[in-house]
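Work through the exercises below with the model open beside you. Each task comes with a solution in steps.

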Amino acid sequence: MEGVLECHFTISLKKIQKIGELISSLWEKVWLAQKKDVFRNLGPYDQLSRLPDEIIVSILSCLPIKDAVATSLLSRRWIYLWYQIDCLLFAGKGRWSLNCIDHVIRQHKNPTIDKLKICFDLDKNAQCAISKLIKFAILKNIQMLELDFDGDRGSSFDGQSFCVLVTEIKSLKSLKLKYVDVNNEGLRKILSNCPVLEHLSVVGSRKLVKAEIHGKDLALKTLVIRSCNILESIEILDSNIVSFSCERLLLCTLRLNNLRKLEKICINKLYSWKELNDMFCQISCSSPNLQVLELELDLFPVFPLFRPFSELQKLKQLIIGVIGWNAADLIQLTSLVEACPNLQRLTIRKIKKIGELISSLWEKLRLAQKKDVFRNLGPYDQLSRLPDEIIVSILSCLPIKDAVATSLLSRRWIYLWYQIDCLLFAGKGRWSLDCIDHVIRQHKNPTIDKLKICFDLDKNAQHAISNLIKFAILKNIQMLELDFDGDRGSSFDGQSFSVLVTEIKSLKSLKLKYVDVNNEGLRKILSNCPVLEHLSVVGSRKLVKAEIHGKDLALKTLVIRSCNILESIEILDSNIVSFSCERLLLCTLRLNNLRKLEKICINKLYSWKELNDMFYQISCSSPNLQVLELELDLFPVFPLFRPFSELKKLKQLIIGVIGWNAADLIQLTSLVEACPNLQRLTIRGSYLHLARSLEYARNEPEPGKTSMEAWKIPQKQHQCLEVVEIENHNCGINNSELAIYFIQNCVALKKLVIKPSMELNSATNETER
């Protein structure tokens with residue numbers, strides 16, 4: 001199998017016995033072994049024993065050594081399996097006796113060890129135990145060594161004898177030391193005597209004073225130094241290091257020179273602007289190929305010295321954590337960004353202090369609504385120092401009532417909301433005509449990007465909405481959204497709206513939620529809005545037939561949802577790119593000549609025959625389709641097996657399934673085969689018919705046969721499928737069998753994700769009652 005297979009099992013341990021994951025039978029077996037109940041029949045949940053020894057050993061290598069050894073109680077076959085594991089994880093609470101460690105050392109038969117992790121409480125015998133394990137690891141040509149002790153309890157491991165031992169490990173590639181008191185000389189010995197060491201992490205050392213990494217003969221690529229409280233200086237000179245991180249270091253100087261391969265630096269240390277400027281100068285001289293820089297800054301409340309930063313020509317990502325800043329710091333921030341001419345991604349994080357930039361606005365609004373507008377906000381009022389353009393952009397994101405309320409703050413704020421380019425008439429309650437007229441009269445911006453109307457309808461709503469739309473026409477609006485509350489049975493009459501909206505020649509996006517637009521109204525909108533690219537119609541009670549015809553339409557995205565009397569949708573000879581129809585009953589779909597269509601989402605219930613017909617129609621009309629999302633209701637009858645029409649360019653297939661059984665998987669494999677270039681498959685179960693799925697789950701196969709064998713599901717190779725996701729899966733075939741099917745038959749599989757249903761227990765209980 002090409003590539004690396006990555007499996008993610010997101011599973012609740014309380015649900016293991018019900019769900020039957022591949023890995024779960026191991027935990028079940030260990031649990032039984034520890035209770036000495038090793039003869040209990042595990043039934044269909046014991047999928048692990050069917051795997052070859054090599055895979056079981058790989059799984060055991062991921063467990064703490066105590067759990068791995070415990071599996072030897074399961075059966076004769078399991079006695080010797082843990083002897084071959086290549087990762088020894090001495091982890092967990094408590095202490096390890098020398099006898100236990102000697103037992104592991106004597107029984108282990110694998111000629112090599114990839115990883116040894118020691119993480120347990122220290123006592124008087126710890127030094128001897130750890131020395132034994134490291135000497136054992138030396139004989140096994142260990143590659144990764146990790147010592148992790150509990151620094152929170154004040155314990156730390158003396159690193160003097162350790163450094164003598166570790167210098168004998170010539171095969172060591174990765175070394176992580178947490179609360180191991182390695183000193184200057186010990187660090188030097190490690191670096192000089194481990195010729196292939198690539199990754200080094202030192203955390204919490206209480207003896208390291210000066211860290212020196214010198215010379216191009218070192219193989220070191222990644223260096224992490226953190227929480228070494230007495231560390232005074234770090235020198236990295238003439239090195240091949242690629243990534244460097246130093247965190248939680250106080251009063252420590254950093255010296256870098258001639259690091260041409262260095263691509264990433266993370267310095268979580270507090271700086272003033274002057275220190276930051278000096279650091280930029282040093283980095284620009286020493287690391288010309290740096291691409292990612294992460295800094296934590298403490299910007300003290302003094303006016304900084306404004307001088308240009310040295311340029312980082314190849315920097316692409318800059319991450320800044322800020323502790324306390326003011327408006328003057330923004331000038332330096334822009335200078336810092338200017339010093340990175342090829343910067344592609346900028347992240348600014350506020351770390352501790354409250355005074356967020358946007359928070360002062362909400363504080364001002366709260367005071368304004370209480371008429372306490374003269375209260376001094378002190379250092380938290382950073383917003384007033386920004387230019388008008390930025391404040392107007394922030395106000396444009398607020399509902400119009402909150403934006404207007406800011407006019408009470410001060411004389412300067414009276415006129416700011418007049419310039420906003422997004423009018424959001426949203427929130428509970430109704431709007432009076434006087435309020436709407438006031439907004440229309442005062443607004444001074446010559447254009448409006450977006451108008452959203454979302455409030456309760458009353459007898460004056462028709463007149464109010466008409467006034468707003470006429471106002472928007474004069475402002476060359478680009479995005480219009482009408483959103484009314486269909487849950488209360490209210491819906492807006494779209495007849496007069498359709499007449500008005502056809503006059504908006506600049507309209508690019510239109511969203512109608514519970515607006516009763518009819519067939520003729522939809523036709524007028526499409527024919528009279530020449531630049532309309534995005535159209536969404538939700539909850540119309542008058543739309544019977546939706547027709548989108550002709551290449552002269554600019555429409556790219558179409559969404560139709562919850563239109564209960566809709567009988568048919570026709571999309572012919574169109575340039576549409578994305579189409580979604582959801583929650584439509586008894587509606588026929590006709591597609592033809594849609595060469596630009598790349599995505600279809602059809603959340604409608606289908607039988608297998610209807611799905612087959614749909615595949616045929618899509619394959620004929622949309623040859624360039626790349627993403628297909630479907631919701632299927634697979635009724636409890638054996639489907640008619642016939643091949644699906646091919647979708648040759650489909651790359652992603654998402655299937656929502658309501659009630660399925662094992663027989664449906666035969667069709668599922670045929671459906672995947674109809675997409676020869678499919679790269680990602682997602683299968684989502686639904687809870688609507690969970691009880692029905694459980695009926696199939698109770699029909700166990702014949703003894704000695706898996707569900708796949710019982711239903712005679714063919715083994716078919718899928719050449720391009722790289723990612724498979726199975727969510728809320730509750731059919732007669734266990735998750736483990738389905739996972740094994742994809743592992744065995746997907747040649748290019750890289751990632752398998754299984755997310756079992758957490759509702760299975762409750763559903764099972766209900767059906768049993």
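Helices (H or I, at least four residues) and strands (E, at least two) are DSSP runs, numbered from the N terminus. D238 is found in the loop between strand 11 and strand 12 (243-247). The model is predicted.

**Exercise 1. Describe the chain as a whole: its helices, strands, burial and contacts.**

Start with the elements. The protein chain has 23 helices and 35 strands. Next, take burial. Of its 769 residues, 50% count as buried. Last, turn to contacts with a separation of 6 or more. Residues 24 or more positions apart make up 65% of these.

**Exercise 2. Find where D238 and N141 lie, and give the sign of phi for each.**

Recall the background. Most residues other than glycine have a negative phi.

Take D238. Its phi is positive, about 50°, although D238 is not a glycine. D238 belongs to the loop between strand 11 and strand 12. Now its accessibility. The cut-offs are under 20% for buried and over 50% for exposed. D238 has 32% relative accessibility, so it counts as partly exposed.

Take N141. Its phi is near 55°, again a positive value in a residue other than glycine. The loop that holds N141 runs between helix 6 (126-139) and strand 4. At 45% relative accessibility, N141 counts as partly exposed.

**Exercise 3. Is E146 buried or exposed, and which residues does it touch?**

First, place the residue. E146 sits in strand 4 (residues 144-148). Second, read the accessible area. The relative value for E146 is 14%, so E146 is buried. Third, list the contacts, leaving out residues up to four places away in sequence. E146 touches K115, L116, K117, I118 and K176.

**Exercise 4. Give the strand order of the open sheet that contains strand 11, and identify its edges.**

Begin with the order. Three strands form the open sheet, in the order 9-11-13, with parallel pairing. Now the edges. These are strand 9 (210-214) and strand 13 (253-257), each pairing on one side only. Then the twist. From one strand to the next, the twist averages 0°.

Finish with one pairing. Strand 11 (residues 233-237) and strand 13 are joined in the parallel sense over 5 bridges. I236 has L256 in strand 13 as its bridge partner.

**Exercise 5. Trace the bridges from strand 24 through strand 26 to strand 28.**

Keep one principle in hand. Strands of a sheet pair through backbone hydrogen bonds, either parallel or antiparallel.

Step one: strand 24 (residues 534-538) pairs with strand 26 (residues 557-561) over 5 bridges, in the parallel sense. Here V538 stands opposite R561. Step two: strand 26 and strand 28 (residues 578-582) run parallel and are joined by 5 bridges. R561 appears again, with E582 of strand 28 as its bridge partner.

**Exercise 6. Which residues form the covered face of strand 29, and which the uncovered one?**

Sort the residues of strand 29 (residues 588-592). L589 and L591 make up the covered face. T588, R590 and N592 make up the uncovered face. Then look at the pairing. Strand 27 (residues 568-572) runs parallel to strand 29, and 5 bridges join them. Opposite L589 in strand 29 stands I569.

**Exercise 7. How do helix 14 and helix 15 pack, and what makes the contact?**

Get the geometry first. Helix 14 (residues 433-442) packs against helix 15 (residues 461-474) at an angle of about 5°, with the axes 10 Å apart. Apply the cut-off: angles under 35 degrees count as roughly parallel. Therefore helix 14 is roughly parallel to helix 15.

Next, name the residues. Helix 14 contributes L433, I436, D437 and I440. Helix 15 contributes H463, A464, N467, L468 and F471. Finally, classify them. The contact has 6 nonpolar, 2 polar and 1 charged residues.

**Exercise 8. How many aromatic pairs does the whole structure hold, and what is the geometry of W82 with Y83 and of W417 with Y418?**

Count first. The search finds 6 aromatic pairs. W82 and Y83 form an edge-to-face pair, 4.9 Å centre to centre, with 90° between the planes. Both residues, W82 and Y83, are buried. W417 and Y418 also pair edge-to-face, at 4.9 Å centre to centre and 90° between the planes. W417 and Y418 are both buried.

Then extend the view. Ring pairs link Y80 with W82 and Y83 in a cluster.

Note on methods
Residues numbered from 1 in each chain as written. Predicted model: local features only at pLDDT ≥ 70, side-chain atom pairs only at ≥ 80, totals over all residues. Heavy atoms only, no water. Axes fitted to C-alpha atoms, helices over the stretch in contact; angles between N-to-C directions. Parallel < 35°, antiparallel > 145°, perpendicular 65-115°, else oblique. Contact = heavy atoms within 4.5 Å. Nonpolar A, V, L, I, M, F, W, Y, C, P; charged D, E, K, R; others polar. Pairing = 2+ DSSP bridges. Phe/Tyr/Trp six-rings, centres within 6.5 Å; stacked < 30°, edge-to-face > 60°. Buried < 20%, exposed > 50% of the residue type's maximum accessible area, 1.4 Å probe, protein only.
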